[in-house]
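Colleague: Can you walk me through this one? I would like the loop first, then the helix packing.

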Amino acid sequence: TSQKHRDFVAEPMGEKPVGTLAGIGDVLGRKLEEKGFDKAYVVLGQFLVLRKDEELFREWLKETCGANAKQSRDCSGCLREWCDAFL
């Protein structure tokens, strides 16, 4: 896992911007913000709505902001690990 991933799962979500999620850089972050997903917890909400189904979430991420396979895998893994630690 990346440093970004470890930093994210090490603490509660709070008001972290969407760009703090593993796999989400400036470009994808902007695309998500334009669609109303401006905070990491809003993206987490979508992950939970999809019942933590990583395949569905990765498909949603690809459709919503154009994330590639690695980016969507990193993001879903980051959210799954955060959920395991905090929910």
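**Loop and helix packing**

Modeller: Arg-51 counts as exposed, at 76% relative accessibility (buried means under 20% relative accessible area, exposed over 50%, partly exposed in between, with a 1.4 Å probe and protein chains only). This is a predicted model, in which local features need pLDDT of at least 70, side-chain atom pairs count only at pLDDT 80 or more, and totals for chains, interfaces and linings use all residues. Residues are numbered from 1 along each chain as its sequence is written, and side-chain values use heavy atoms, with hydrogens and water left out.

Colleague: Where does Arg-51 lie?

Modeller: In the loop between α3 and α4; helices are DSSP runs of H or I with at least four residues, numbered from the N terminus. Arg-51 is not a glycine, yet its phi is positive, about 60°. Most residues other than glycine have a negative phi.

Colleague: And what is phi of Lys-52?

Modeller: Near 60°, again a positive value in a residue other than glycine. Lys-52 is found in the loop between α3 and α4, and is partly exposed, with a relative accessible area of 40%.

Colleague: OK, helices. At what angle do α3 and α4 cross?

Modeller: Roughly 130°, and the axes of α3 (residues 40-49) and α4 (residues 54-65) come within 9 Å. Axes are lines fitted to C-alpha atoms, for helices over the stretch in contact, and angles run from 0 to 180 degrees between N-to-C directions. That makes α3 oblique to α4, because angles under 35 degrees count as roughly parallel, over 145 as roughly antiparallel, 65 to 115 as roughly perpendicular and the rest as oblique.

Colleague: Which residues meet there?

Modeller: Val-43, Gln-46 and Phe-47 from α3, against Glu-54, Phe-57 and Trp-60 from α4; contact means heavy atoms within 4.5 Å.

Colleague: What about α3 and α5?

Modeller: Those axes come within 11 Å and cross at roughly 85°, which means α3 is roughly perpendicular to α5. Val-43, Leu-44, Phe-47 and Leu-48 of α3 make the contact with Ser-76, Leu-79, Arg-80, Trp-82 and Cys-83 of α5.

Colleague: How many residues has the largest nonpolar core?

Modeller: 25, and Phe-8, Leu-21, Phe-57, Leu-61 and Leu-79 have the most contacts inside it. Such a core is a set of buried Ala, Val, Leu, Ile, Met, Phe, Trp, Tyr and Cys residues joined through side-chain atoms within 4.5 Å. The largest share, five residues, comes from α5.

Colleague: And what does Leu-21 touch?

Modeller: Leaving out residues up to four places away in sequence, Leu-21 touches Lys-4, Phe-8, Ala-40, Val-43, Cys-75, Cys-78 and Leu-79.

How values were computed. Helices (H or I, at least four residues) and strands (E, at least two) are DSSP runs, numbered from the N terminus.
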